[in-house]
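Let's take a walk through this model, one part at a time. Keep the structure open beside the text and turn it as you read.

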Amino acid sequence: MKDYILIVEDDNDINHMVKELLCQNGYETAQAFSGTEALLYIEKECPAAVILDLMLPGMNGEDLLKKIKKENPQIAVIISSAKDGTKTRVDMLRAGADDYITKPFDTEELLARLEAVLRRSGKNEKFLKEDSGKKLRYKDIILEPEEFRVTVAGTEIRMTRREYLILELLMGNPGKVFTKSNIYESVWNEEFLGEDNAVNVHISNIRQKLAKANEEETYIETVWGIGFKMK
């Protein structure tokens, strides 16, 4: 795993929420739930950045930050903590933290702060260059437009051209609801005349293929009376 973001957070829900957010925005991630586990990742391959909780089992976040900055000062570290006191923030910044965000945080703010620390470390341009026009990511789905390739949880999925284009359309705008008319006109390049069976069949086929690779995950949501979006 190269140039990834390491999430160090012992709260399972928060850890998975941050992972999903970053994956949706094109970042590769790894998850650690303790300071010791985080060190194992770092020793194996240094991340580009670490999003670090302070209250961790075993080695706490303060000690982990000091160890990271002593041994790998090039790694950007964003502290993510419920501790909102000025002293804690100042102490962590003086200890080498590149930024500090207080829980509960706005997801857009976290993304902006991550982009900023990566930009300062010279890594953000590399992330954007690698992802732009090459790979599209959502949860554990990766689309590679140049190769017309789809993988889910590391398993390659064979799709027809139209199935691929529908998935690419939805993944390119994960928060947007697409009507059947939107999908039909974008993929078939024809005027939509109210016959939605073709779209329904293709969406059903995509869902079945994705489910074969990861049956525990739901990727496409039906918004009743409107259309579809990534879940």
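**A walk from sheet to pocket**

Let's start with a pair of strands: β11 and β12 (residues 227-230) run antiparallel and are joined by four bridges. If you want a spot to anchor your eye, look for T222, which sits opposite F228 in β12. Bear in mind as you look that this is a predicted model.

These two strands belong to an open sheet of three, in the order β10-β12-β11, with antiparallel pairing. The edges are taken by β10 (178-179) and β11 (220-223), each with a single partner strand, so one side of each has no neighbour in the sheet. Helix α7 (residues 161-172) packs on this sheet and touches β10, β11 and β12, its direction making about 65 degrees with that of β12. Another helix, α9 (residues 197-213), lies across β11 and β12 and runs at about 145 degrees to β11.

Now step back for the whole chain. There are nine helices and 12 strands in its secondary structure, and the C-alpha trace spans about 65 × 35 × 30 Å along its principal axes. Of the 231 residues, 43% are buried. Take the contacts with a separation of 6 or more: 56% of them come from residues 24 or more positions apart.

Next, go to strand β4 (residues 76-81). Is β4 enclosed or open to the outside? Six of its six residues are buried, so β4 is largely enclosed by the rest of the structure. You can check this face by face: A76, I78 and S80 are buried on one side, and V77, I79 and S81 are buried on the other. β4 pairs with β3 in the parallel sense, over four bridges. Within that pairing, L52 has I79 of β4 as its bridge partner.

Just before this strand, in the loop between α3 (61-71) and β4, you'll find N72. Why does N72 count as buried? Its relative accessible area is 15%, and buried means under 20%. Leaving aside residues up to four places away in sequence, N72 touches I42, C46 and K67.

What about empty space? Rolling a probe the size of a water molecule over the atoms shows where some is left. Here, the structure holds one cavity of 30 Å³ or more, and the largest cavity contains about 40 Å³ of space. Its lining is made up of I7, V8, E9, I14, V18, I51, L52, D53 and S80. You've already met two of these: L52, the partner of I79, and S80, on one of the buried sides of β4. By class, the lining of this cavity has six nonpolar, one polar and two charged residues. At least two lining residues come from each of β1 (5-8), α1 (12-24) and β3 (49-52).

Helix α1 also leads us to the largest pocket, which has a volume of about 370 Å³. The pocket is lined by 17 residues, and the closest to its centre are K19, C23, K139, D140 and I141. Which element gives the most to this lining? That's α1, with four residues. Both α1 and β7 (141-144) supply at least two residues of the pocket lining. By class, the pocket lining divides into six nonpolar, four polar and seven charged residues.

One of those central pocket residues, K139, deserves a second look. K139 lies in the loop between β6 (136-138) and β7, and at 16% relative accessibility it counts as buried. Its backbone also stands out: K139 has a positive phi of about 50 degrees although it is not a glycine. For background, most residues other than glycine have a negative phi, and most peptide bonds are trans.

With that in mind, let's end on two further places along the backbone. A153, in the loop between β8 (149-152) and β9 (155-157), is not a glycine either, yet has a positive phi of about 50 degrees. A153 is partly exposed, with a relative accessible area of 47%. Then there's P104, in the loop between β5 (99-102) and α5 (107-120). The peptide bond leading from K103 to P104 is cis, and its omega is near -10 degrees.

Key
Residues numbered from 1 in each chain as written. Predicted model: local features only at pLDDT ≥ 70, side-chain atom pairs only at ≥ 80, totals over all residues. Heavy atoms only, no water. 1 Å grid on protein atoms, 1.4 Å probe; cavity = no way out; pocket = protein on both sides within 12 Å on 5 of 7 lines; lining within 4 Å. Points joined across faces, edges and corners; volume = space filled by probe spheres on them. Nonpolar A, V, L, I, M, F, W, Y, C, P; charged D, E, K, R; others polar. Pairing = 2+ DSSP bridges. Contact = heavy atoms within 4.5 Å. Axes fitted to C-alpha atoms, helices over the stretch in contact; angles between N-to-C directions. Buried < 20%, exposed > 50% of the residue type's maximum accessible area, 1.4 Å probe, protein only.
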